[in-house]
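Work through these exercises with the model open beside you. Try each task before you read its solution.

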Amino acid sequence: MYIHIGGDRVISDKDIIGIFDMDNTTVSKNTRKNATSLMLEKAQREGMVETVMDDIPKSFVVTENKVYITQLSVQTLIKRINSKELT
């Protein structure tokens, strides 16, 4: 199934490795240097990050080849994935 993750971007739910809250992984002093935020920094350096929104980012979706930054919350994205499984 395909999931709309914001903007005009739709990706396959099978490609999703993880969905992470932007505040919890990048803002706090305690989490600024954790594995997830370091992975996001590395993806940015390698040009693997795509921003799919014009608003304040709330989460990012990790796939094997790209990281998508979106204004949608983790909860909204999970609801979209779960609602696709019910159909």
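Of the 87 residues of the protein, 37% count as buried. Buried means under 20% relative accessible area, exposed means over 50%, and partly exposed lies in between (1.4 Å probe, protein chains only). This is a predicted model, in which local features need pLDDT of at least 70, side-chain atom pairs count only at pLDDT 80 or more, and totals for chains, interfaces and linings use all residues. Residues are numbered from 1 along each chain as its sequence is written, and side-chain values use heavy atoms, with hydrogens and water left out.

**Exercise 1. Overall layout**

Task: State how many helices and strands the protein has, and give their pattern along the sequence.

Solution.
- Step 1. Count the elements: there are 3 helices and 6 strands. Helices (H or I, at least four residues) and strands (E, at least two) are DSSP runs, numbered from the N terminus.
- Step 2. Read along the sequence: the pattern is β-β-β-α-α-β-β-β-α.
- Step 3. Check the long-range contacts. Contact means heavy atoms within 4.5 Å. Take the contacts between residues at least 6 apart in sequence: 47% of them join residues at least 24 apart.
- Step 4. Add the surface. The accessible surface comes to about 5,700 Å², and 51% of that belongs to carbon and sulfur atoms. The areas come from the Shrake-Rupley method with a 1.4 Å probe; for residues, only the protein chains shown count as cover.

**Exercise 2. The open sheet**

Task: Give the strand order of the open sheet and find which strands stand at the edges.

Solution.
- Step 1. Two strands pair if DSSP finds at least two bridges between them.
- Step 2. The open sheet has 4 strands in the order S3-S5-S6-S4, with mixed pairing.
- Step 3. Strand S3 (16-21) and S4 each have a single partner strand, so they stand at the edges and one side of each has no neighbour in the sheet.
- Step 4. From one strand to the next, the twist averages 20 degrees. Here axes are lines fitted to C-alpha atoms, for helices over the stretch in contact, and angles run from 0 to 180 degrees between N-to-C directions.
- Step 5. Look at one pair: S3 and S5 are antiparallel over 5 bridges. Phe-20 has Phe-60 in S5 as its bridge partner.

**Exercise 3. The hairpin**

Task: Describe how S1 and S2 pair, and what their turn holds.

Solution.
- Step 1. Strand S1 (residues 2-6) pairs with S2 in the antiparallel sense, over 4 bridges.
- Step 2. Tyr-2 stands opposite Ser-12 in S2.
- Step 3. The two strands form a hairpin with 2 residues between them. In the turn, Gly-7 has a positive phi of about 55 degrees.

**Exercise 4. Salt bridges**

Task: Find the 3 salt bridges and say which residues form a network.

Solution.
- Step 1. Set the criterion: a side-chain nitrogen of Lys or Arg within 4 Å of a carboxyl oxygen of Asp or Glu.
- Step 2. Arg-9 bridges to Glu-50, with the closest N and O atoms 2.7 Å apart. Arg-9 lies in strand S2 (residues 9-12) and Glu-50 in strand S4 (residues 49-51), so the pair ties together parts 41 residues apart in sequence. Arg-9 is partly exposed at 27% relative accessibility.
- Step 3. Glu-50 also bridges to Lys-66, at 3.6 Å between the closest N and O atoms. Lys-66 sits in the loop between strand S5 (59-63) and strand S6 (67-70), 16 residues from Glu-50.
- Step 4. Shared partners join Arg-9, Glu-50 and Lys-66 into one network.
- Step 5. Lys-42 bridges to Glu-46, with the closest N and O atoms 3.4 Å apart. Lys-42 is partly exposed at 44%, as is Glu-46 at 47%.

**Exercise 5. The faces of H2**

Task: Which residues of helix H2 are buried, and which exposed residues does the face turned away carry?

Solution.
- Step 1. In H2 (residues 35-45), Thr-36, Ser-37, Leu-40 and Ala-43 are buried.
- Step 2. Down the axis of H2, these fall within an arc of 120 degrees, so they line one face of the helix. The arc is that of the directions from the helix axis to the C-beta atoms.
- Step 3. The face turned away carries the exposed residues Ala-35 and Arg-45.
- Step 4. Gly-47 follows H2, with a positive phi near 70 degrees.

**Exercise 6. A residue in S6**

Task: Is Ile-69 buried or exposed?

Solution.
- Step 1. Ile-69 is found in strand S6.
- Step 2. Its relative accessible area is 8%, so Ile-69 is buried.
- Step 3. Leaving aside neighbours within four places in sequence, its contacts include Met-22, Val-52 and Phe-60.
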